[in-house]
Amino acid sequence: MENSKKTYVLVHGAWHGAWSFAQTKARLEEQGANVITFDLPGHGDDKTQIPDVTFDVYTAKVVKELNLLEGKVVLVGHSLSGFVVTKVAEIMPQKIEKLVFIAAMVPNNEKTVFDILSEDEEGHLLANLIFGENKSWATVNEETLKNVIYNGATLDQITTAAQSLVYQATQPFFVPVSTGENFKQIPKTYIICEKDKVISPNAQKQLIEVCQIDTSLSIDTGHVPQVENPTQLANILLQA
């Protein structure tokens, strides 16, 4: 495939880390792609503390990683990181060949991630969040993991993934991101997760329309296809 020679930068979403893309990364590399993954601050092996985990430090981390690479990349954002990769596209469009969104929230009309989730009457995440001190972080219980986050995954997949999840700082959910000509001019593909209960397929399709995303593809999984079906996700990314 033509896309197998490209460089993919995979940016994980809330609660997760680079670990979540490990199998998808391996599948892409088997096809000859160059694949970069890393932990956002406060995720995976990065020990940034909750008060210091902000949307701006997420963005700065991605910018730093892109500056280490030669040439343009396919920048992929999952879930919350739809906002992050969009912000990065506004900062350094010259580094991005294409944006790919996986079941992602995408900035529009000065809305925040929280706004998009709140307006999705078919989504089940917000009602099931468990907040920590001063609502500075959030987590979910085992039932929500099984029925909402990983609703299409096997018990073994859920158990393995749950061991690596972190408390999620809430500040990044409340930051609006403005888009302009840089974002508008970059080719974009959206991968709809058809069984998603975090952000519903209908909400995803509305974002595609409102944000004027060029291409959409579908995967028959819940919200986290890189955990549930990493091989299928890799194959779809090669088509994106």
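Which residues is Leu-145 in contact with, leaving aside its neighbours within four places in sequence? In this predicted model, the partners of Leu-145 are Val-140, Tyr-150, Asn-151, Ala-162 and Leu-165. Leu-145 itself belongs to helix α5, which spans residues 142-149. Its relative accessible area is 10%. Buried means under 20%, so Leu-145 is classed as buried. A further distance may help you to place this residue: from the C-alpha of Leu-145 to that of Gly-13 is 15 Å, and the two are 132 residues apart in sequence.

Let me turn to the nonpolar cores. In soluble globular proteins, nonpolar side chains tend to be buried together. Here the largest nonpolar core has 60 residues. Which of its residues touch the most other members? They are Val-9, Val-62, Leu-66, Leu-75, Leu-99, Phe-101 and Tyr-150. Tyr-150, you will recall, is also one of the contacts of Leu-145.

Let us take Leu-99 from that group. Apart from residues within four places in sequence, Leu-99 is in contact with Leu-75, Val-85, Ala-89, Phe-183, Ile-186, Pro-187, Lys-188 and Thr-189. There is also a second, separate core, of 21 residues, and its members include Tyr-8, Phe-21, Val-100 and Leu-233.

Phe-21 deserves a moment of its own. Phe-21 sits in the loop between β1, residues 7-11, and α1. Is this residue buried or exposed? Phe-21 has a relative accessible area of 0%, and therefore counts as buried. Residues up to four places away in sequence are not counted in what follows: Phe-21 touches Leu-10, Val-11, His-12, Thr-37, His-78, Ile-102, Gln-226 and Leu-233. Please note also Val-224, which is 203 residues from Phe-21 in sequence, while their C-alpha atoms are 9.8 Å apart in space.

Leu-233 leads us to a pair of helices. Helix α1 covers residues 22-30 and helix α10 covers residues 230-239; their axes come within 8 Å and cross at roughly 50°. The two helices are therefore oblique to each other, and their crossing is right-handed. On the α1 side, the contact is made by Gln-23, Thr-24, Arg-27 and Leu-28, and on the α10 side by Pro-230, Thr-231, Leu-233, Ala-234, Leu-237 and Leu-238. Sorted by character, the residues of this contact are 6 nonpolar, 3 polar and 1 charged.

Helix α10 also holds Gln-232. With 28% relative accessibility, Gln-232 is classed as partly exposed. Its contacts, neighbours within four places in sequence aside, are Ile-219, Asp-220 and Thr-221. Between the C-alpha atoms of Gln-232 and Thr-221 there are 9.6 Å, and along the sequence 11 residues.

A second helix pair is formed by α2 and α3. At what angle do α2 and α3 pack? The angle is about 60°, with the axes 9 Å apart, and α3 runs over residues 81-91. That angle makes α2 oblique to α3. The crossing of this pair is right-handed. From α2, the residues Phe-55, Tyr-58, Thr-59, Val-62, Val-63 and Leu-66 meet Phe-83, Val-84, Lys-87, Val-88 and Ile-91 from α3. The division in this contact is 9 nonpolar, 1 polar and 1 charged. Val-62 and Leu-66 have appeared already, among the residues that touch the most other members of the largest core.

I shall now move to the loops. Between α2, residues 55-67, and β3, residues 73-78, lies Glu-70. Glu-70 counts as exposed, at 77% relative accessibility. Its C-alpha is separated by 8.6 Å from that of Lys-95, which is 25 residues away along the chain.

Finally, consider two residues with a particular backbone angle. Most residues other than glycine have a negative phi. Asn-109 is not a glycine, yet its phi is positive, at about 55°. Asn-109 is placed in the loop between β4, residues 96-102, and α4, residues 113-119. With a relative accessible area of 64%, Asn-109 is exposed.

Where is the place of Lys-135? Lys-135 lies in the loop between β5, residues 130-131, and β6, residues 137-139. This residue, again not a glycine, has a positive phi of about 55°. Its relative accessible area is 54%. Exposed means over 50%, so Lys-135 counts as exposed.

How values were computed: Residues numbered from 1 in each chain as written. Predicted model: local features only at pLDDT ≥ 70, side-chain atom pairs only at ≥ 80, totals over all residues. Heavy atoms only, no water. Axes fitted to C-alpha atoms, helices over the stretch in contact; angles between N-to-C directions. Helix = DSSP H or I, 4+ residues; strand = E, 2+ residues; numbered from the N terminus. Parallel < 35°, antiparallel > 145°, perpendicular 65-115°, else oblique. Left-handed = near helix turned anticlockwise from the far one by under 90°. Contact = heavy atoms within 4.5 Å. Nonpolar A, V, L, I, M, F, W, Y, C, P; charged D, E, K, R; others polar. Buried < 20%, exposed > 50% of the residue type's maximum accessible area, 1.4 Å probe, protein only. Core = buried A, V, L, I, M, F, W, Y, C linked by side-chain atoms within 4.5 Å.
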